[in-house]
2 protein chains.
Amino acid sequence: MTEKKELILETALKLFAEHGFDTTPTSQIAKEAGVSEGLIFRHFTNKEGLMDAILAMSEERMARHVKSIVALAEPLAKIHATIELPVKLFSEEREFWKLQFSLKWQKKYRGQSYRPSGYYLELVEVITDAFRQLGYAQPEKEVLLLVMLIDGLSNQLMQQPSEAFIEQTLSFLKSKYQQNKLKS
Amino acid sequence: MTEKKELILETALKLFAEHGFDTTPTSQIAKEAGVSEGLIFRHFTNKEGLMDAILAMSEERMARHVKSIVALAEPLAKIHATIELPVKLFSEEREFWKLQFSLKWQKKYRGQSYRPSGYYLELVEVITDAFRQLGYAQPEKEVLLLVMLIDGLSNQLMQQPSEAFIEQTLSFLKSKYQQNKLKS
DNA sequence: CAGTTTAGTAAGTGATTACTCACTTTTAGT
DNA sequence: ACTAAAAGTGAGTAATCACTTACTAAACTG
């Protein structure tokens, strides 16, 4: 990976997240990255190839996060870490994940990177088990609920990323998953 | 509203939801609606004007739904109706709401139709009150949680709209909000 | 029914865009 | 140092797209 190739990737990521894939011309990417437009196509063949390269990075990063959650010993700690996942993702690489989430809705990319890929299925399995260990009556459905929750949380974070809001919301959500509570 | 004007709106809605705003050429809209391309601009001035007309419909429909929730007497019924909201929206006008949700992420339209408009703020207020009446300790935060939940539910519905899935998920979610339960 | 506004069309047009191509420069292996 | 491959450039180019214009047909209105 040469310096300029990486610069193209970073710039494209930033611009795609900001203005969207279709509305960001390759000419602008080249200009802001300070390279010739032709170089983009030398390295990535297509505009779509550029997108794919960005998406590939996403798989890696997400896999890393899931791995660290799976590695936790306590079932409750796993659940709390899952709740914290979107916050971690956004604080790390805001633009990156913004792009990821916006892609879900586009037909072109549905089924490609967002659809249940390996790490997602693994996380679901592990969290199901965690709920089971904690004595929840319907662990599969609890996981689904948790997934919906962190999906919705991601939406909220996008619109209101203030520190105070995040902290309050997280601790409230975590308080919903505690030992010694009613498990229906 | 002439017949052809309505046909343009419907076709544009369908295509925007399916392929996105930027990737749907006005020529295709005209072709599939069976009208000349020029007519689109006669009626809506812009491609954006076409989008705005679609968005205006959204306000109306959503306002109607919120109104029917607000009208309910029992606080628990209000909460359950809110949980059912995304399912109702999708069953009614799937393409329409798909488009709405995808728009949230686009900079251009953020703040226009999706941002806390009247009906949203009213719903939040009413549901906060419902939680208060039911004796929840932190009604404001409960509303936020519920908002995140129905956001996440919308995501799920988009990907898995099977009848069985919807029914199971809904009744599970509703079971989380019941009288005579622990209210932390 | 005359006259005026509104609905509708078909054929452009200029700007933009993704991508190519012929070419030069840099890098790396022997 | 020689050379072949890889990195990089910049000026095209064909296609596409949103929008215009000059025009006709239909619908109101007094």
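**Protein contacts to DNA strand C**

In this predicted model, a polar backbone atom of Ser36(B) sits 2.9 Å from a phosphate oxygen of DNA strand C. His43(B) also reaches a phosphate oxygen of the strand, with a polar side-chain atom 3.1 Å away. On chain A, an N or O atom in the side chain of Glu37(A) lies 3.4 Å from a base nitrogen of DNA strand C. Polar contacts here are pairs of N or O atoms within 3.5 Å; within protein, one atom must be able to donate a hydrogen and the other to accept it, and sequence neighbours count only if both atoms are side-chain atoms.

Helices H3 (37-44) of chain A and H3 (37-44) of chain B are the elements giving two or more residues to the surface near the strand, and H3(B) brings the largest share, 4 residues. (Helices are DSSP runs of H or I, at least four residues, and strands are runs of E, at least two, numbered from the N terminus.)

As for the surroundings as a whole, 15 residues lie around DNA strand C, with Thr26(A), Lys47(A), Lys4(B), Ser36(B) and Arg42(B) coming nearest. Sugar and phosphate make up 51% of the strand's atoms that come within 4 Å of the protein. "Near" means that a heavy atom of the residue lies within 4 Å. By type, the surface splits into 4 nonpolar, 7 polar and 4 charged residues.

Residues are numbered from 1 along each chain as its sequence is written, and chains are lettered from A and ligands numbered from 1 in the order written. Local features need pLDDT of at least 70 and side-chain atom pairs pLDDT 80 or more, while totals for chains, interfaces and linings use all residues; side-chain values use heavy atoms, leaving out hydrogens and water.

Conventions: Nonpolar A, V, L, I, M, F, W, Y, C, P; charged D, E, K, R; others polar.
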